[in-house]
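Student: I have a model open and would like a close look at one part of it. Could you set the scene briefly and then go through that part with me?

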Amino acid sequence: MSFQILLNLFLAFLWMFLSSNYSVSRFIIGYLLGLLTILALRRFFKNRLYIDRIWAIIKLAFLFIKELILANISVLILVLSPKLQLQPAFFKYNTELTQEWEITLLSNLITLTPGTVVVHVSDDSKSLFIHVIDSNDIDETIDSIRNSFEKAILEVSRT
C-alpha cells in the first residue's frame with residue numbers, strides 16, 4: 001500500500017516537473033493521472049489498491065457518525081421519557097477480529113457510542129464484555145455490532 005502511495009506521488013511530481021508548471025492545480029492533475037495509471041496497472045500489485053482502503057476508512061467514519069447520532073437520539077428519548085423503563089444488560093460479544101488495533105478500535109467505537117460501554121476484553125482478545133443501558137433483545141444488539149462496526153473494521157484491515 002505504501003508503495004502505491006509513493007508511486008502516485010512520484011507520478012504527480014513527475015507530471016508537474018515535465019509540464020514546467022509548479023502549481024498546486026498541476027500537481028492535482030498529475031496525482032489524478034497517476035491514480036488512473038495505478039488503476040490501469042492494478043493487476044500487477046499484490047495488495048489491493050490504497051484508494052480502496054481509504055474509501056473503507058471514510059465509510060467507517062460516516063458509519064460511526066450515523067451510529068453516534070442515532071444513539072444520542074435514543075438516549076435522549078430514554079432520559080426525557082416520564083417513566084424510566086430501562087432494561088440494562090451485560091453480554092459477551094465474540095469477535096472475529098484478531099489484531100490488537102482492530103479490537104481496540106472496535107472497543108472504542110462501542111464505548112464512544114452513548115448507551116454502551118465495553119467493560120472488559122478477555123485475555124485471549126476473542127471476547128468483549130459489553131454493558132448496554134437499554135436492550136430489548138441481546139441477539140439483535142450483537143447482530144447490530146457485528147453487521148456495522150465489525151464489518152466496517154474488517155473492510156479496512158483485510159487485504
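Student: What percentage of the 159 residues of the protein chain count as buried? And for the close look, how many salt bridges does a search of the whole structure find?

Tutor: Happy to. This is a predicted model, where local features need pLDDT of at least 70 and side-chain atom pairs count only at pLDDT 80 or more, while totals for chains, interfaces and linings use all residues. Residues are numbered from 1 along each chain as its sequence is written, and side-chain values use heavy atoms, with hydrogens and water left out.

Your first number is 31%: that share of the 159 residues counts as buried. Buried means under 20% relative accessible area, exposed means over 50%, and partly exposed lies in between (1.4 Å probe, protein chains only). The accessible surface is about 10500 Å², with 65% of it on carbon and sulfur atoms; these areas come from the Shrake-Rupley method with a 1.4 Å probe, and for residues only the protein chains shown count as cover.

Now the frame. The chain has five helices and three strands, in the order α-α-α-β-α-β-β-α from the N terminus. Helices (H or I, at least four residues) and strands (E, at least two) are DSSP runs numbered from the N terminus. The radius of gyration is 22 Å, against near 15 Å for a compact globule of 159 residues. That radius is taken over C-alpha atoms, and the globule rule is 2.2 Å times the number of residues to the power 0.38. Along the principal axes, the C-alpha atoms fill a box of roughly 70 × 35 × 20 Å.

On to the close look. The search of the whole structure finds three salt bridges, each being a side-chain nitrogen of Lys or Arg within 4 Å of a carboxyl oxygen of Asp or Glu. Side chains of opposite charge can pair when their charged atoms come close.

Take Glu102 and Arg158, whose closest N and O atoms are 2.8 Å apart. This pair links distant parts of the chain, 56 residues apart: Glu102 belongs to helix H4 (residues 100–112), and Arg158 to the segment after H5. Glu102 counts as buried because its relative accessibility is 0%, whereas Arg158 is partly exposed at 29%.

Lys59 and Glu155 also meet in a salt bridge, at 3.2 Å from N to O. Here too distant parts of the chain are linked, with Lys59 in helix H3 (residues 50–80) and Glu155 in helix H5 (residues 138–157), 96 residues apart. Both ends are partly exposed: Lys59 has 40% relative accessibility and Glu155 has 30%.

The remaining pair is Lys66 with Glu67, joined at 3.9 Å from N to O. Lys66 is partly exposed at 44% relative accessibility, while Glu67 is buried, with a relative accessible area of 18%.

For a polar residue outside these pairs, try Asn8 in helix H1 (residues 2–18). Asn8 counts as buried because its relative accessibility is 0%. Leaving aside residues up to four places away in sequence, Asn8 touches Tyr31, Gly34, Leu35, Ile38 and Tyr50, where contact means heavy atoms within 4.5 Å.
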